[in-house]
Amino acid sequence: MTVSVDPTASATANRTVPAPGSADIPQVLRPHAEDAFAAELTALAAQDDRTRPQRWKLSPWAVATYLLGGTLPDGTVITPKYVGPRRIVEVAVTTLATDRALLLLGVPGTAKTWVSEHLAAAVSGDSTLLVQGTAGTPEEAIRYGWDYAQLLAHGPSRDALVPSPVMRAMAEGMTARVEELTRIPADVQDTLITILSEKTLPIPELGQEVQAVGGFNLIATANDRDRGVNDLSSALRRRFNTVVLPLPESAEAEVDIVSRRVDQIGRSLDLPTGPEGIDEIRRVVTVFRELRDGVTADGRTKLKSPSGTLSTAEAISVVTNGLALAAHFGDGVLRPGDVAAGILGAVVRDPAADRVIWQEYLEAVVRERDGWKDFYRACREVSA
C-alpha cells in the first residue's frame with residue numbers, strides 16, 4: 001500500500017516569505033537562495049522555452065545559467081553563484097535530470113553546500129528540504145519519526161507519522177539535500193540505499209510505503225578530508241554520480257569569488273564594501289594560496305603548509321571580519337590591520353607547529369615583498 005504525504009507538511013508551507021518593503025517583518029540574516037535570488041529565477045522561468053524534466057521549475061540549461069551567470073535576451077543579468085568549470089555544473093545538473101543521485105565531493109571551502117542549495121532552489125524552487133549530517137544524526141532524520149503524543153494515544157497511524165525532508169521530497173517530486181554525508185553513522189547512511197535504488201521508503205509499522213514521484217532526487221555533499229570518519233559503503237556509493245568540486249584554478253578567480261561573496265554578506269550586514277578593499281582581499285588570497293600550495297606565487301620559494309585547509313570559505317570569513325573591524329573600529333576602509341588577526345587565526349590551528357610555519361613565512365616572504373610593509377607590521381603585531 002502506498003501512503004501519500006500531505007503537502008502542507010512540507011517546509012515551504014511553514015516558511016514565511018517577507019513581503020518586499022514590509023516594515024512589520026524583520027529582515028532575515030540569510031535568506032534562502034530561492035528568496036534572495038527570486039527575481040533572477042522568475043526572469044529565467046519567463047524566458048526559458050526549453051524542455052523541463054517533470055516538476056522542474058527550470059530547464060537544465062536555465063539551471064546551469066542560474067549557477068554560472070549570464071545575460072538573458074531581454075537584458076536581465078544573472079549573477080554567477082559558482083565560479084568554476086562550466087562542465088562540472090553541466091554534469092551536476094544532468095545527473096539530477098536522471099534517476100541517479102548527486103554527490104558533491106571536495107575539500108573544505110569548495111562551495112559544496114552553496115552549490116547544493118542553489119541547485120535545489122533552481123530545480124525545485126525550495127532548498128529547505130535538508131538533512132544536516134553529524135555524528136548524532138538519527139535514522140529518523142532520513143526516514144520518518146513519530147509524534148509521541150499521537151503515538152501513545154492512538155498507536156501507529158498516519159497522523160502520528162512525522163515525515164523527514166527526504167520523505168517529503170519523494171512524495172512531492174522535489175530535491176532533497178543531505179549535508180556532510182560522511183559524518184553520518186554508517187548504519188544511518190545505508191538507510192538511503194533503498195530510497196535511491198528502489199525509489200521507495202517502506203513504513204513497516206503501517207504496512208505502507210512512500211513511492212517517489214517524478215522530479216524527486218537527492219544531492220549529498222561530502223568532505224575529502226573526512227575519509228575514514230564514516231566512509232560510504234560501496235553499495236551506497238554506487239547509487240551516486242560523484243562530482244568533485246576543485247579549488248579555484250587561479251588567484252584572480254579566487255579573488256573574484258571572495259569579492260562577490262564578501263559584497264553579498266557585507267550588504268546583508270550593512271558593512272562598507274567597495275573597491276578600496278580589493279588590495280587586502282588580493283593579499284589574503286595570496287597568503288592562503290601560497291601556504292596552501294607550499295610555494296610562493298612566483299615559484300621561487302618552497303614553503304611549509306600549515307595544518308588548516310586555508311580554503312576560499314575561510315578567506316571570505318577573514319575579509320568579512322576585517323570589514324566589520326573597519327566599520328566599527330576604523331574609518332570604514334579595509335586595511336592590513338583589519339585582516340591580520342583573522343589570517344593568524346586561520347593559519348595557526350596547531351599552536352606549536354603552525355606558529356613556526358607562520359613566523360617563517362612572515363620573515364622569509366612577507367617581510368621582503370614590495371608594498372607589503374604595512375601588512376608585515378600588522379601581522380607581527382598580532383603575532384607577538
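**Exercise 1. Find which element gives the largest share of the lining of the largest cavity, and describe that cavity.**

Step 1. Start with the elements: H5 provides the largest share of the lining, 3 residues. This is a predicted model, so let us keep that in mind as we go.

Step 2. Next, see how many cavities there are. Searching the whole structure for cavities of 30 Å³ or more turns up 1. The largest cavity has a volume of about 40 Å³.

Step 3. Now list the elements that give two or more residues to this lining: they are helix H5 (86–96) and H6.

Step 4. Pick out the residues around the largest cavity: Leu67, Tyr82, Ile88, Val89, Ala92, Leu104, Val115, Leu119 and Leu245. Sorted by class, the lining holds 9 nonpolar residues, with no polar and no charged ones.

**Exercise 2. Work out what surrounds the second largest pocket.**

Step 1. Begin with the space: the second largest pocket holds about 700 Å³. Its lining is made of 30 residues, and those closest to the centre are Gly109, Thr110, Ala111, Trp114 and Ala313.

Step 2. Turn to the elements. At least two lining residues come from each of helix H6 (112–124), strand E10 (217–223), helix H12 (251–268) and helix H14 (312–329). H12 makes the largest contribution to the lining of this pocket, with 5 residues.

Step 3. Finish with the classes: the lining of the second largest pocket has 12 nonpolar, 9 polar and 9 charged residues.

**Exercise 3. Check the length of helix H13, then decide whether H13 is mostly covered or not.**

Step 1. Compare the spans. Helix H13 covers residues 278–293, and its 16 residues should span 22 Å at 1.5 Å a residue. The C-alpha atoms at its ends are 22 Å apart, so the model agrees with the expected value.

Step 2. Look at burial. In H13, 12 of the 16 residues are buried, so the helix is mostly covered. Among them are Ile281, Val284, Val285, Val287, Phe288 and Leu291, along with charged residues such as Glu280 and Arg283.

Step 3. Ask what does the covering. The list includes H12, H14, helix H15 (336–347), helix H16 (353–366) and helix H17 (373–383).

Step 4. Look just past the helix: Gly294 follows H13 with a positive phi of about 75 degrees.

**Exercise 4. Do the same for helix H14.**

Step 1. H14 has 18 residues and reaches 25 Å from its first C-alpha to its last, close to the expected 26 Å.

Step 2. The buried residues of H14 include Thr312, Glu314, Ile316, Val319, Leu323 and Ala326.

Step 3. Find their partners: the buried residues of H14 pack against H12, H13 and H15.

**Exercise 5. Is Thr71 buried or exposed, and what does Thr71 contact?**

Step 1. Place the residue: Thr71 belongs to strand E1 (residues 70–71).

Step 2. Apply the cut-off. The relative accessible area of Thr71 is 58%, and exposed means over 50%, so Thr71 is exposed.

Step 3. Set aside neighbours within four places in sequence, and Thr71 is in contact with Thr76 and Val77.

**Exercise 6. Judge how confidently the chain is predicted.**

Step 1. Take the average: the protein chain has a mean pLDDT of 91, and 91% of the residues score at least 70.

Step 2. Look for a weak stretch. Over residues 7–13 the pLDDT is below 50, and this stretch has 14 contacts in the model beyond near neighbours in sequence.

Step 3. Draw the lesson: where pLDDT is low, predicted coordinates should not be read in detail.

Key. Residues are numbered from 1 along each chain as its sequence is written. This is a predicted model: local features need pLDDT of at least 70, side-chain atom pairs count only at pLDDT 80 or more; totals for chains, interfaces and linings use all residues. Side-chain values use heavy atoms; hydrogens and water are left out. Helices (H or I, at least four residues) and strands (E, at least two) are DSSP runs, numbered from the N terminus. Buried means under 20% relative accessible area, exposed over 50%, partly exposed in between (1.4 Å probe, protein chains only). Contact means heavy atoms within 4.5 Å. On a 1 Å grid over the protein atoms alone, a cavity is a set of points where a 1.4 Å probe fits but cannot get out, and a pocket is an open set with protein on both sides within 12 Å along at least five of seven lines; lining residues have an atom within 4 Å of a point. Grid points are joined across faces, edges and corners, and a volume is the space filled by probe spheres set on the points. pLDDT is the predictor's confidence in each residue, from 0 to 100. The expected span of a helix is 1.5 Å times one less than its number of residues.
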